[in-house]
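Notebook open, structure on the screen. I want to go through the fold, the sheet, the side-chain contacts and the surface, one entry at a time.

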Amino acid sequence: MAEYDPATFQLNNNSPGTTHVNGFNQKSTGYVTLLILILLTTLAGFGTEVYLKANAENRMVKRETQSRQALYLAEGGIEWAKAHLLVNPELRQGNVALETGRVSIVIESIEGGYKVISKGRSGLAIRKIEETLQLDTGNWVLISYQELHY
């Protein structure tokens, strides 16, 4: 049975099989160590979760940026085709390489105009646009516009 020591304001548990280290019961130091280990494991788990979410969001932003760049490249390819068709109406294809990606342009002659298909690539993203155009007194008239999902 434990005895109270009024000089130290502590209970003295000198039961057989109990050892004391620096005034603490050895069983209680084991529980504290286990509690600290569980706390550190939980904090490490939360830290890993925050890192993984931030990394996933960063990848999504990068993919969205590349997708927009690919769309802008494809639109630039259409404009490139318009400018070159004014000079050379027999043009049927072209490729343009820019710092942010590449554009492949295919031009088909149709009755009264042209069908221009422009495919922009930026990183892993690919966007494709198809426009039907007619030339009317030196100005291009847009007949149809379609974004093609690749």
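Below are my entries, in the order I looked things up.

**Entry 1: the overall layout**

First thing to jot down: this is a predicted model. I went through the elements and found one helix and nine strands in the protein chain. Reading from the N terminus, I get β-β-β-β-α-β-β-β-β-β. I also looked up burial for the whole chain: of its 150 residues, 21% are buried.

**Entry 2: the sheet**

Which strands make up the open sheet, and in what order? I read off five of them, E5-E6-E7-E8-E9, with antiparallel pairing. The edges are E5 (93–98) and E9, each of which pairs on one side only. Going from one strand to the next, the twist averages 20°. A reminder to myself: strands of a sheet pair through backbone hydrogen bonds, in either a parallel or an antiparallel way.

**Entry 3: the E5/E6 hairpin**

I zoomed in on one end of the sheet. E5 and E6 make a hairpin, and two residues sit between them. Strand E6 covers residues 101–110, and its antiparallel pairing with E5 runs over six bridges. I wanted the register, so I checked partners: Val 96 has Val 103 in E6 as its bridge partner, and Gly 94 stands opposite Ile 105 in E6.

**Entry 4: an odd phi at Thr 137**

Next I went looking at the backbone between E8 and E9. Thr 137 sits in that loop, with strand E8 spanning 125–136. Its phi is near 50°, which is positive in a residue other than glycine. I noted it down because most residues other than glycine have a negative phi. Is Thr 137 buried or exposed? It is exposed, at a relative accessible area of 74%.

**Entry 5: the aromatic pair**

How many aromatic pairs does the structure hold? I found one. It joins Tyr 114 and Trp 140 in an edge-to-face arrangement, 6.0 Å centre to centre and with 65° between the planes. The label follows from the angle, because planes over 60 degrees apart count as edge-to-face. Tyr 114 belongs to strand E7 (residues 113–122) and Trp 140 to strand E9 (residues 139–148), so the pair ties together parts 26 residues apart in sequence. I checked burial too, and both Tyr 114 and Trp 140 are buried.

**Entry 6: salt bridges along the helix**

The structure has five salt bridges; I wrote up three of them, beginning with two in the helix.

- Lys 53 and Glu 49 meet through their side chains at 3.4 Å, N to O. Both are in helix H1, four residues apart, about one turn of the helix. Lys 53 counts as exposed at 55% relative accessibility, while Glu 49 is partly exposed at 39%.
- Arg 68 and Glu 64 form another salt bridge, with the closest N and O atoms 3.0 Å apart. This pair is in helix H1 as well, with four residues, about one turn of the helix, separating Arg 68 from Glu 64. Arg 68 comes out partly exposed at 47%, and Glu 64 is partly exposed at 41%.

**Entry 7: a salt bridge across strands**

Back to the sheet for the third one. Arg 127 and Glu 147 meet in a salt bridge at 2.8 Å, N to O. Why does this contact link parts separated in sequence? Arg 127 lies in strand E8 and Glu 147 in strand E9, so the pair ties together parts that are 20 residues apart. Glu 147 is partly exposed, at 31% relative accessibility.

**Entry 8: a nonpolar patch**

Last stop, the surface. Which residues make the nonpolar patch? I listed Val 32, Ile 36, Leu 39, Leu 40, Leu 43 and Phe 46, which together give a patch of about 600 Å². I placed Phe 46 in helix H1, which covers residues 26–87.

**Recap for the next page**

I leave with three spots bookmarked: the Tyr 114 and Trp 140 aromatic pair, the positive phi at Thr 137, and the nonpolar patch that includes Phe 46.

Methods. Residues are numbered from 1 along each chain as its sequence is written. This is a predicted model: local features need pLDDT of at least 70, side-chain atom pairs count only at pLDDT 80 or more; totals for chains, interfaces and linings use all residues. Side-chain values use heavy atoms; hydrogens and water are left out. Rings of Phe, Tyr and Trp (its six-membered ring) pair if their centres lie within 6.5 Å; planes under 30 degrees apart count as stacked, over 60 as edge-to-face and the rest as tilted. Buried means under 20% relative accessible area, exposed over 50%, partly exposed in between (1.4 Å probe, protein chains only). Two strands pair if DSSP finds at least two bridges between them. Axes are lines fitted to C-alpha atoms, for helices over the stretch in contact, and angles run from 0 to 180 degrees between N-to-C directions. Patches are made of residues with over 30% relative accessible area and no salt bridge: like charges are joined within 9 Å, nonpolar side chains (Val, Leu, Ile, Met, Phe, Trp, Tyr) within 5 Å. Accessible areas come from the Shrake-Rupley method with a 1.4 Å probe; for residues, only the protein chains shown count as cover. A salt bridge is a side-chain nitrogen of Lys or Arg within 4 Å of a carboxyl oxygen of Asp or Glu.
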